[in-house]
Amino acid sequence: PDGVYDPRLVNDRLLLGLKGTMSEYELSLLRQRGLAARDSKAQRGELKFALPPGYCWGEAGQMEMDPDERVCEAIRMVLRKFGELGSARQVLLWTVDNGLQLPVMRQGKLGAKIEWQAPAYHTVLDILRHPVYAGAYVFGRTSQRTTIMAGRARKSHGHHKPRSEWSVLIRGHHPCYISWEEFENHQKMLTENAHMQKRADRKSA
């Protein structure tokens, strides 16, 4: 009898409204606690997430270099060539001219796995721009935005945030392919090579 309510009765309508409100509050509270636990784990550098090619999670929960030496050497090659040529586009052309392939991470039904494919510009940029290759643990580099379209809320993901707004940045967290100083030099070179940006002065030429 406690679970049967008559919407025509004022007391029953009141109880239904209170129960619905409490249920919504409990769901919101559970979500907040889950997010707080996730962020706390990320602050310690222990939160696991999908890693780019060249890294994997070890048995002890530590970030380690991929045991596949072919994958590691491909990452080193891209980083090394960018230091030599000073241009992501030139690195792409060099890999294409030499008939090389680059590793990419693909999500499948059985989890993430490495696939080898022809070089693409975004693949080269992803390697050059990811701070994980400089030994840094990062979390919260992108954000979610909500816009109103045709009277409905539309959410979009993957909007990059400036470094000062990243949720977590822990340097020296794991073995690296390049030093942090080299990584920052690479980011500066990429910015200066961006011809379509007004703030860029120097060019790769």
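Two strands count as paired here if DSSP finds at least two bridges between them. Keep that in mind for the opening stop, and remember throughout that you are looking at a predicted model.

**Stop 1: the hairpin**

Select residues 102-108 and then 111-117. These are strands β3 and β4, which run antiparallel and are joined by seven bridges. Two residues sit between β3 and β4, and the strands form a hairpin. To get your bearings across the pair, pick Val104 and look over to β4, where Glu115 stands opposite.

Stay on Glu115 and show its side chain. Glu115 makes a salt bridge with Arg106, and the closest N and O atoms are 3.7 Å apart. Are these partners buried, partly exposed or exposed? Arg106 is partly exposed at 37% relative accessibility, and Glu115 is also partly exposed, at 33%.

Now move along β4 to Ala112. Ala112 is partly exposed, with a relative accessibility of 45%. Show what lies around Ala112: setting aside residues up to four places away in sequence, Ala112 touches Met105, Arg106 and Gln107. Then add Ala50 to the selection. Ala50 and Ala112 are 62 residues apart in sequence, yet their C-alpha atoms are 7.7 Å apart in space.

**Stop 2: helix α2 and the core**

Next, select Val78, which lies in helix α2. Val78 counts as buried because its relative accessibility is 1%, and the cut-off for buried is under 20%. Which residues does Val78 touch, not counting those up to four places away in sequence? They are Val91, Leu102, Val124, Ile127 and Leu128. For a sense of distance, draw a line from the C-alpha of Val78 to that of Met189: the two residues are 111 apart along the chain, and the line spans 15 Å.

Val78 is a good way into the largest nonpolar core, which has 33 residues. Val78, Leu79, Val124, Leu128 and Tyr133 have the most contacts inside this core, so those five make a handy selection to display as spheres. Colour the contributing elements too: α2 (69-85), α3 (88-97), α4 (121-129), β5 (137-139) and α5 (180-192) each supply at least two residues of the core. Which element gives the largest share? It is α2, with six residues. In soluble globular proteins, nonpolar side chains tend to be buried together.

**Stop 3: salt bridges**

Turn to the charged side chains. How many salt bridges does a search of the whole structure find? It finds nine. One of them joins Glu69 to Arg76, whose closest N and O atoms are 3.1 Å apart. Glu69 is partly exposed, with a relative accessible area of 47%, and Arg76 is partly exposed as well, at 27%.

For another example, go to Asp6 and Arg8. Their closest N and O atoms lie 3.1 Å apart, forming a salt bridge. Compare the surroundings of the two partners: Asp6 is partly exposed at 22% relative accessibility, whereas Arg8 is exposed at 71%.

Before leaving the charges, bring back the bridge between Arg106 and Glu115 from the hairpin. Then select Glu69, Glu73, Arg76 and Arg80 together: salt bridges that share partners join these four residues into one network.

**Stop 4: the loop after α2**

Follow the chain to Ser87, in the loop between α2 and α3. Is Ser87 buried or exposed? Ser87 counts as buried, at 10% relative accessibility. Show its side chain along with the backbone of Arg89: a polar atom of the Ser87 side chain lies 3.3 Å from the backbone nitrogen of Arg89.

**Stop 5: the cysteines**

Finish by selecting the cysteine sulfurs. How many disulfides does the structure hold? It holds zero. Why is Cys72 without a disulfide bond? The closest cysteine sulfur, in Cys56, is 8.3 Å from that of Cys72, which is too far for a bond, since a disulfide needs the two sulfur atoms within 2.5 Å. Cys72 is buried, with a relative accessible area of 2%.

Now jump to Cys176, which is in no disulfide either; the nearest cysteine sulfur, that of Cys72, is 13 Å away. Whereas Cys72 is buried, Cys176 is partly exposed, with a relative accessible area of 37%.

Conventions
Residues numbered from 1 in each chain as written. Predicted model: local features only at pLDDT ≥ 70, side-chain atom pairs only at ≥ 80, totals over all residues. Heavy atoms only, no water. Buried < 20%, exposed > 50% of the residue type's maximum accessible area, 1.4 Å probe, protein only. Core = buried A, V, L, I, M, F, W, Y, C linked by side-chain atoms within 4.5 Å. Helix = DSSP H or I, 4+ residues; strand = E, 2+ residues; numbered from the N terminus. Contact = heavy atoms within 4.5 Å. Polar contact = N/O pair within 3.5 Å; in protein donor to acceptor, adjacent residues only side chain to side chain.
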